[in-house]
Amino acid sequence: MRAEAGNPTYRVLARSAGYSATTLSEAAGGTRMPTLDVLLAYVGACRGDLEQWQRRWDETTAQLRSADETAQPRSADEAAQPRSVDDGNGPQVLPEGEATSIPPGSGRPTTTGRVGRRTGTDAGPRRRRGIAVLALGAVTSLVAAVAAAEPSRPRGTPVGGTAPGAPTCPGTPSGALFTGVTYGGGAHVRGGATRDDPLLTTIPPNCTVGFTGFCVGEKVYDNTGGTPDVRWFKTSGGGVVSSAVIHGNPPRTEPASDCPNGRATPSAIAFSVLAGTGLPGAVTLHATGTDLDIVGFASSTGTDPVPPGPGTWRQVGLADVRQPTTGAQVRLDGTDVERPVLVAAACLGGDSPTGLVEARQAHPDQPGRYVPVALSPEQRLAAAGSACRYPGRG
């Protein structure tokens, strides 16, 4: 599946999946069963068929459970006793129903869940190596099964012939403020605006979904463009979905509202223009601010004074603020305008300006110096819209 997606690096996949590159690599390593959340995140990042891979996970889990029960018959008295394993640091009790496996060559069992309390008695010889071999074969088949896969549908087409109980597209509520379409990997609905919040449900790919509003939360990188986004869209059922996996945007006049684990919108921005070296007119645009995650930069293309309108600005860059104290910056290698107006705008994602804009214009008598300049409301609106647009769009 990763090969079909163009062999992206695990570091690239981690941006979309919400799990570290190491976790994703281990999930595909075939040494132990990945959790369902990690598997679906991996599949979504590769834009695979979530339903198909969830069915495989369920089937493999059932096979492992059946093999475990067959290989490890226990009497009623044994079943009443807590199971234990020895990890080299003394025996430990496992909660009932918790599976173990032994990575090849490690000699140490690992658990799929949290290990229970330690016991003071020896649990006896290590067991279930046969189950580990079954798990290795099943997991390797699960995560590398392009050759053995059931016929797959072309990516981006609606799901057909779904199994009983498979997720279906939710209806659009009558009170929806706006709608969006889920990307090819589907969308996780969570209880709050972070990827660590509980997963409530998963919306299949290519579903039109109605949203009642949005809030600001954890930064997630857009699955198609890789651009940062801090918006989380509210569903009618109370959960939220990251904007990074949805085609669609709320109205620009709609303010963000509160949600569990939400954050504040940007409240301040400071903009500076530093003279560059090399090309004539080259400058570095730099911005910092309060609660600032994404900054859009734009340059005027009209005459002085800048006339309002979307055709008089061009985007210089949509920049990610990775360190609040450092801010974000981009380089501008000159313009065709003698005294351009340069702006920095606080954004919540692509095509999502906040209205927080600062502008500077080249000084008429001091080359290389840029001084603050006031923009009309129409100019601010047009400048922010251009600065915060998705890169590559007109």
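Tyrosine 183 is in contact with Pro205, Asn206, Asp222, Asn223, Thr224, Ala244, Val245, Ile246 and His247, leaving aside its neighbours within four places in sequence. The model is predicted. This briefing starts from that residue, then turns to a sheet, a helix pair and the whole protein.

**Tyrosine 183**

- Tyrosine 183 sits in a loop. Strand S5 (178–182) lies on one side of that loop in sequence, and strand S6 (187–190) on the other.
- Its relative accessibility is 5%. Buried means under 20%, so tyrosine 183 counts as buried.
- Valine 245 is one of its contacts. The two residues are 62 residues apart in sequence. In space, their C-alpha atoms are 5.5 Å apart.
- Isoleucine 246 is also among the contacts of tyrosine 183, and isoleucine 246 belongs to strand S12.

**The sheet with S5**

- Strand S5 is part of an open sheet of 3 strands. The order is S8-S5-S12, and the pairing is antiparallel.
- Strand S8 (208–211) and strand S12 (246–247) stand at the edges. Each has a single partner strand, so one side of each is left without a neighbour in the sheet.
- S5 and S12 run antiparallel and are joined by 2 bridges.
- Threonine 182 has isoleucine 246 in S12 as its bridge partner.

**Helices H1 and H3**

- Helix H1 covers residues 10–17, and helix H3 covers residues 36–45.
- Their axes come within 9 Å and cross at roughly 110°. Angles of 65 to 115 degrees count as roughly perpendicular, and H1 and H3 are therefore roughly perpendicular to each other.
- On the H1 side, the contact involves Tyr10, Leu13, Ser16 and Ala17. On the H3 side, the residues are Ala41, Tyr42 and Ala45.
- By class, this contact of H1 with H3 has 6 nonpolar residues and 1 polar residue. No charged residues take part.

**The whole protein**

- The protein has 394 residues, and 44% of them count as buried.
- Its secondary structure comprises 7 helices and 20 strands.
- Among contacts with a separation of 6 or more, 60% come from residues 24 or more positions apart.
- The protein exposes about 19400 Å². Carbon and sulfur atoms supply 52% of that area.

Terms used: Residues are numbered from 1 along each chain as its sequence is written. This is a predicted model: local features need pLDDT of at least 70, side-chain atom pairs count only at pLDDT 80 or more; totals for chains, interfaces and linings use all residues. Side-chain values use heavy atoms; hydrogens and water are left out. Helices (H or I, at least four residues) and strands (E, at least two) are DSSP runs, numbered from the N terminus. Buried means under 20% relative accessible area, exposed over 50%, partly exposed in between (1.4 Å probe, protein chains only). Contact means heavy atoms within 4.5 Å. Accessible areas come from the Shrake-Rupley method with a 1.4 Å probe; for residues, only the protein chains shown count as cover. Axes are lines fitted to C-alpha atoms, for helices over the stretch in contact, and angles run from 0 to 180 degrees between N-to-C directions. Angles under 35 degrees count as roughly parallel, over 145 as roughly antiparallel, 65 to 115 as roughly perpendicular and the rest as oblique. Ala, Val, Leu, Ile, Met, Phe, Trp, Tyr, Cys and Pro count as nonpolar, Asp, Glu, Lys and Arg as charged, and the others, Gly among them, as polar. Two strands pair if DSSP finds at least two bridges between them.
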